[in-house]
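Hi everyone, thanks for making the time. Let me put the structure up on the screen, and then I'll walk you through it.

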Amino acid sequence: MSDATCLLGDCVRLLSQQPAGCAHLVFADPPFNIGYKYDRYDDRKPKAKYLAWADEWLAAAVRVLHPHGAFFLAIGDEYAAEYKVRLDALGLTMRNWIVWHYTFGPHQSRKFGRDHAHILYYVRDPECFTFNADAVRIESERQRSGDRRASPKGRVPGDVWSVPRLPGNARERTGHPCQMPEAILARIIAAASNPGELVIDPFAGSGTTLAVAKKLGRRALGCELSPDYHRAVGERLKGIA
Ligand SMILES: C[S@@+](CC[C@H](N)C(=O)[O-])C[C@H]1O[C@@H](n2cnc3c(N)ncnc32)[C@H](O)[C@@H]1O
């Protein structure tokens, strides 16, 4: 069973209308508060105001997380530490601090370029959670070098993920200014949820999470503040059988 829906509006309000504990996986890629140009959302707020809002949406997102669920948060350098402190305080347990190394970062001439973002991986119950290792295995160094000791199954990826950002002409590009590659979501959803389970994305954006969840046979629910982005997510989902 697979269905994916994007709701229009503020995620704090919309998530409060969902049953507590309904989502086996929450993936959140909130605005980073770095002045990104969205059509509706103002991405340059005073720090205290941004963090007060972070407390609100984190509480709303953690409320819908299943007792055996996983929570992934994508964030930039500026607020990664603040989010970690908050997720710890909400009683979740960190499994990995993943670095998304993207090979298509903006050029800098007065410092080193930034080629990464952070993906914080938490679970509600460290004794009981889903991790489908076999669903995300990759070719190992031993396999690559022809070492006879190599496991034919490959290895579970480490915590640095090298995945290019989407260039403007990528086939999966939708026009949203801040779209994540499907490859990132495919790994997260395959590892941390099972077919038929509900995946929630409070900040749907271009709908990457919902699109990948639908392709992988999960149910998916997203929230998006912008009517134009929301409409585009609907179109994207219609194109997936
Ligand atoms: C970083 S983007 C998400 C991109 C998404 N991961 C993707 O791959 O397309 C953040 C999105 O959150 C939306 N947004 C901002 N505040 C919101 C809120 N309170 N509720 C729902 N959506 C919000 C913005 O309009 C923007 O589209």
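I'll go from the whole chain to the sheet, then to one residue, one helix and the ligand.

Before anything else, please keep in mind that this is a predicted model.

Let's begin with the chain as a whole. Its secondary structure comes to 7 helices and 8 strands. The radius of gyration is 18 Å, close to the 18 Å that the globule rule gives for 241 residues, so the chain is as compact as a globular protein of that length. If you lay the C-alpha trace along its principal axes, it spans about 55 × 50 × 40 Å. Buried residues account for 32% of the 241 residues. There is also a nice number on the contacts: taking those between residues at least 6 apart in sequence, 69% join residues at least 24 apart.

Now to the sheet. In what order do the strands line up? Reading across, we have β1-β8-β7-β2-β3-β5-β4-β6, an open sheet of 8 strands with mixed pairing. The edges are β1 and β6, the latter being residues 160-162, and each of these pairs on one side only. From one strand to the next, the twist averages 20°. As a quick reminder, strands of a sheet pair through backbone hydrogen bonds, either parallel or antiparallel.

Have a look at β2 next. All of it is covered: 6 of its 6 residues are buried, so β2 is largely enclosed by the rest of the structure. Its pairing with β3 is parallel and uses 5 bridges, and one residue pair to look for is F27 with its bridge partner F72 in β3. Over at β7 and β8, the pairing is parallel as well, over 4 bridges. There, D201 has G222 in β8 as its bridge partner. Lying across β2, β3, β4, β6 and β7 is helix α5, which runs at about 155° to β2.

Let me zoom in on a residue in β3, namely A74. Is A74 buried or exposed? The cut-off for buried is 20 or more other C-beta atoms within 10 Å. A74 has 22 of them within 10 Å, and therefore counts as buried. Leaving out residues up to four places away in sequence, A74 touches D29, A117 and I119. A74 and L120 are 46 residues apart in sequence, yet their C-alpha atoms are 6.5 Å apart in space.

On to helix α6, residues 208-215. This helix is mostly covered, with 7 of its 8 residues buried. Those buried residues are T208, T209, L210, A211, V212, A213 and K214. What do they pack against? The partners are strands β1, β2, β7 and β8, together with helices α5 and α7. Just after α6, look for G217, which takes a positive phi of about 80°.

Last stop, the ligand. How many residues surround the ligand? There are 20, and the closest are D29, F203, G205, S206 and T208. Two of these names should sound familiar: D29 is touched by A74, and T208 is among the buried residues of α6. By class, the shell around the ligand has 10 nonpolar, 6 polar and 4 charged residues.

That's my tour. Thanks for listening, and do feel free to rotate the model yourselves.

Technical notes: Residues are numbered from 1 along each chain as its sequence is written. This is a predicted model: local features need pLDDT of at least 70, side-chain atom pairs count only at pLDDT 80 or more; totals for chains, interfaces and linings use all residues. A residue is near a molecule or strand if its C-beta atom, placed from the backbone, lies within 6 Å of it. Ala, Val, Leu, Ile, Met, Phe, Trp, Tyr, Cys and Pro count as nonpolar, Asp, Glu, Lys and Arg as charged, and the others, Gly among them, as polar. A residue is buried if 20 or more other C-beta atoms lie within 10 Å of its own, exposed if 12 or fewer, and partly exposed in between; C-beta atoms are placed from the backbone. Helices (H or I, at least four residues) and strands (E, at least two) are DSSP runs, numbered from the N terminus. Two residues are in contact if their C-beta atoms, placed from the backbone, lie within 7 Å. Two strands pair if DSSP finds at least two bridges between them. Axes are lines fitted to C-alpha atoms, for helices over the stretch in contact, and angles run from 0 to 180 degrees between N-to-C directions. The radius of gyration is taken over C-alpha atoms; the globule rule is 2.2 Å times the number of residues to the power 0.38.
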